[in-house]
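Reader: I would like a close look at one part of this model, set against the chain as a whole. Please take it step by step.

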Amino acid sequence: MIAADTPMDVTRTRFAALLDAHRGIVFKVANTYCRHPDDRQDLVQDIATQLWRAFPGYDPARSFTTWMYRIALNVAISHVRSDARQTPLVPLDDHDGHPALAVEDTDPEDDRVRALYAVIDRQPPLDRALLLLWLDECSQREIAEVLGITESNVSTKLNRLKQRIREQLADDDVP
């Protein structure tokens with residue numbers, strides 16, 4: 001006699017398939033909020049755990065990616081805030097904590113990338129979330145749903161963020 005799948009087995013299989021299909025979101029969020037590989041891996045695990053815990057409340061009539069981004073970004077922001085309370089700040093010239101900034105090459109393109117990472121790292125956690133969603137080509141409506149703000153607020157915040165990044169890159173004398 002073959003046993004039928006239990007509701008928990010069906011839920012677990014469905015969750016695993018959705019997580020696998022959209023795993024890039026988890027890694028994008030982790031890469032946006034953590035530069036050290038061990039920290040990224042911890043954050044990836046925290047996000048996956050929280051997604052599993054929240055999955056029973058997921059409404060399949062709504063976008064899975066929006067739901068996933070919302071949870072992943074909330075976990076990442078909480079992680080950053082928790083980490084900031086526990087860890088002293090690392091000066092920007094100390095490359096030990098930022099492998100992406102420790103590149104020895106003097107290629108101007110690498111300098112621009114390092115400078116951009118440094119500017120992104122200095123942004124408040126919610127602005128990093130906004131930037132990530134925008135760079136991932138989410139619509140203003142999707143961004144508003146994920147962040148829980150209005151579309152007009154997304155537009156305003158995004159314009160201010162772009163301007164602030166331009167100014168910070170100019171202040172850092174990035175070509």
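How much area does the protein chain expose, and what share of it do carbon and sulfur atoms supply? Within that setting, which residues in α6 are buried?

Author: This is a predicted model, in which local features need pLDDT of at least 70 and side-chain atom pairs count only at pLDDT 80 or more, while totals for chains, interfaces and linings use all residues. Residues are numbered from 1 along each chain as its sequence is written, and side-chain values use heavy atoms, with hydrogens and water left out.

The protein chain exposes about 11,000 Å², of which carbon and sulfur atoms supply 52%; accessible areas come from the Shrake-Rupley method with a 1.4 Å probe, and for residues only the protein chains shown count as cover. Of the 175 residues in the chain, 31% are buried, where buried means under 20% relative accessible area, exposed over 50%, and partly exposed in between (1.4 Å probe, protein chains only). The secondary structure comprises eight helices and zero strands, with helices (H or I, at least four residues) and strands (E, at least two) taken as DSSP runs numbered from the N terminus.

Helix α6, which spans residues 125-135, is mostly covered, since eight of its 11 residues are buried. The buried positions are Pro125 and then the run Asp127, Arg128, Ala129, Leu130, Leu131, Leu132 and Leu133. Just after α6, Glu137 adopts a positive phi of about 60°.

For a point elsewhere in the chain, Phe27 lies in helix α2 (residues 23-33) and is partly exposed because its relative accessible area is 34%.
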